[in-house]
Amino acid sequence: MNAVRRTTRSLPGLLLLALALALVALTASAPRAGAATGVSAIAEALRKDPVYVDPAAAAQLSAADADALNRQIRDADKPLFIAVLPAGYPTAKLFTDLRTATGVTGLYAVRLGDRFDARADSSVLPRTAVQNLVTSVQGESAKTQLTDFTSRALANMGGKAPASWGGAGTGGSGVSSTALIAIGAVLVAGGAGAYALVRRNRRRHEEEQRAALDRLRVVVDEDITAFGEELDRLDFHPAESGADDAMRADYERALNAYDQAKSAMADARRPEDVRAVTEALEDGRFSLAQLAARRTGTPLPERRPPCFFDPRHGPSVADATWTPPGGAPREVPVCAADAARLADGRDPAVREVDTDLGRRPYWDAGPAYGPWAGGYFGGGILPGLLLGTALGGWMSAPAYAADYGTGYGDFGGFDTGGYQGGDVSGANFDPGDFGDFGAGGGDFGGGGGGDSGDFGGGF
């Protein structure tokens, strides 16, 4: 009872402390007369609306055009943040500080005078994709540039809009006493509210993972069934005439791979869990190829990746030149049948899967297919094979090859805490995704030349 009384008596003190903290925060974030708008104020506006236009940069983008972008981003339900700032705005650590202050996982684009750049959490859009998008809109007027970038980014990025975009943004600098009281009340209840928001975001993420796994399960089950049918057609008996220990070992490894694949799929809870399934199937098919060579007396096959166009075709026998629509030519591993088709000028037999847009090649079907493909081909070679495709863009983060498939929609090797686009992660993000302004892909402002982790170090 005494503890309850002490807690009750402490509530007015907590409220006063919260109000004091709110005043300090507002004082720190509010711009001084004649000074540039602070990053904290910009972040506060972006937590309410996806587009912020600084009063000193109002001539760059009209209110009507800003509202149109605002509606487009909200309607797409994507975590895209756009800030239009005056030409002389300080650029040092701009993206890192803005991402920290906003605290929301997403794609951040900044028009600064006549220059433009962007950064994103790799769980939303890989760095290479961000660079390509930035480069594609350089030299355009503010309205055209931001409109083009928004349309292209929304078509490629992942994640959901943050829950905080519930009301209209405010661009004014004045704060009423009523607002201060409201802020104090929000701060007092902030702990419970933040906890509820995190739980809601995690529930949403889990639901997205389940939906992706359900769609992926259809494809993986087809793969397991196809391998089982290969075993049935094999007509090999360990005790048959001519069978030796090496043949029996190959056959046993193939059977074990089949059982492992079924067990791993039964235990799968996330899209990335299917990598173990396709790794087992790839190993099993190679064991069958070895067994077939031993039975016919032909040379044992070298260990090669499966056919790129459809792993169910079995191990590849050669590399062939292939050019994806709109992409550059590259060498891909192919089975004998697809090698012949390509040599004759025909299309290969491509593995297609169901998507919201109908049947599409697996490399255009979404990030959930990354772990599925990674199990077949391995993390080291797959990004090169898929360069220029949708799936290749998702997997183009630099850390991908080192640790592929650590999380759905996040193919990096760092710990993101499970945050996806639109989640409130606070300061928990990879700073390598948010280098200084000016060298992320536009080749302007004296950036240039830095490594992919820091995008050149700014000006």
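A residue counts as buried when its relative accessible area is under 20%, and as exposed when that area is over 50%, with partly exposed in between. Keep this in mind as you work through the predicted model above.

**Exercise 1. Decide whether Phe116 and Phe149 are buried or exposed, and work out what kind of ring pair they form.**

Step 1. Start with accessibility. Phe116 has a relative accessibility of 0%, so Phe116 counts as buried. Phe149, with 1%, is buried as well.

Step 2. Now look at the rings. Their centres lie 4.9 Å apart, and ring centres within 6.5 Å make a pair.

Step 3. Turn to the planes. The angle between them is 70 degrees, so the pair is edge-to-face, because planes over 60 degrees apart fall into that class.

Step 4. Place the two residues in the chain. Phe116 belongs to strand S4 and Phe149 to helix H6 (residues 142-156), and the pair links distant parts of the chain, 33 residues apart.

**Exercise 2. Describe the sheet that contains strand S4, and find what packs on it.**

Step 1. Write down the strand order. This open sheet has four strands in the order S1-S2-S3-S4, with mixed pairing. At its edges are S1 (51-53) and S4 (115-120), each pairing on one side only.

Step 2. Check the twist. On average, neighbouring strands are turned by 10 degrees against each other, direction ignored.

Step 3. Zoom in on one pair of strands. S3 (residues 107-112) and S4 run antiparallel and are joined by six bridges. Here Arg111 stands opposite Phe116 in S4.

Step 4. Add the helices. Helix H3 (residues 63-76) packs on the sheet and touches S1 and S2 (80-85), its direction making about 160 degrees with that of S1. Helix H5 (residues 127-136) also packs on the sheet, where it touches S3 and S4.

**Exercise 3. Find the residues with the most contacts inside the largest nonpolar core, then list what Leu125 touches.**

Step 1. The largest nonpolar core has 44 residues, and those with the most contacts inside it are Leu80, Leu107, Leu125 and Phe149. Strand S2 gives the largest share of this core, six residues.

Step 2. Leaving out residues up to four places away in sequence, Leu125 touches Leu107, Ala120, Val130, Leu133, Asn156 and Met157.

Step 3. Another core, of 43 residues, lies apart from the largest one; among its members are Val219, Phe236, Leu281 and Tyr362.

**Exercise 4. Explain why Cys307 and Cys335 do not form a disulfide.**

Step 1. Find the distance. The closest cysteine sulfur to that of Cys307 is in Cys335, 3.7 Å away.

Step 2. Compare with the cut-off. A disulfide needs sulfur atoms within 2.5 Å, so these two are too far apart for a bond. The disulfide count comes to zero.

Step 3. Check the surroundings. Cys307 is buried at 0% relative accessible area, and Cys335 counts as buried at 7%.

**Exercise 5. Say what is notable about phi in Lys93 and Asp235, and classify how exposed each one is.**

Step 1. Recall the background. Most residues other than glycine have a negative phi.

Step 2. Look at Lys93. Its phi is near 55 degrees, a positive value in a residue other than glycine. Lys93 lies in the loop between S2 and helix H4 (94-102) and is partly exposed, at 47%.

Step 3. Look at Asp235. Although not a glycine, Asp235 has a positive phi of about 55 degrees. Asp235 lies in the loop between helix H8 (190-234) and helix H9 (245-267), and is exposed, with 53%.

Definitions and conventions
Residues are numbered from 1 along each chain as its sequence is written. This is a predicted model: local features need pLDDT of at least 70, side-chain atom pairs count only at pLDDT 80 or more; totals for chains, interfaces and linings use all residues. Side-chain values use heavy atoms; hydrogens and water are left out. Two strands pair if DSSP finds at least two bridges between them. Helices (H or I, at least four residues) and strands (E, at least two) are DSSP runs, numbered from the N terminus. Axes are lines fitted to C-alpha atoms, for helices over the stretch in contact, and angles run from 0 to 180 degrees between N-to-C directions. Contact means heavy atoms within 4.5 Å. Buried means under 20% relative accessible area, exposed over 50%, partly exposed in between (1.4 Å probe, protein chains only). A nonpolar core is a set of buried Ala, Val, Leu, Ile, Met, Phe, Trp, Tyr and Cys residues joined through side-chain atoms within 4.5 Å. Rings of Phe, Tyr and Trp (its six-membered ring) pair if their centres lie within 6.5 Å; planes under 30 degrees apart count as stacked, over 60 as edge-to-face and the rest as tilted.
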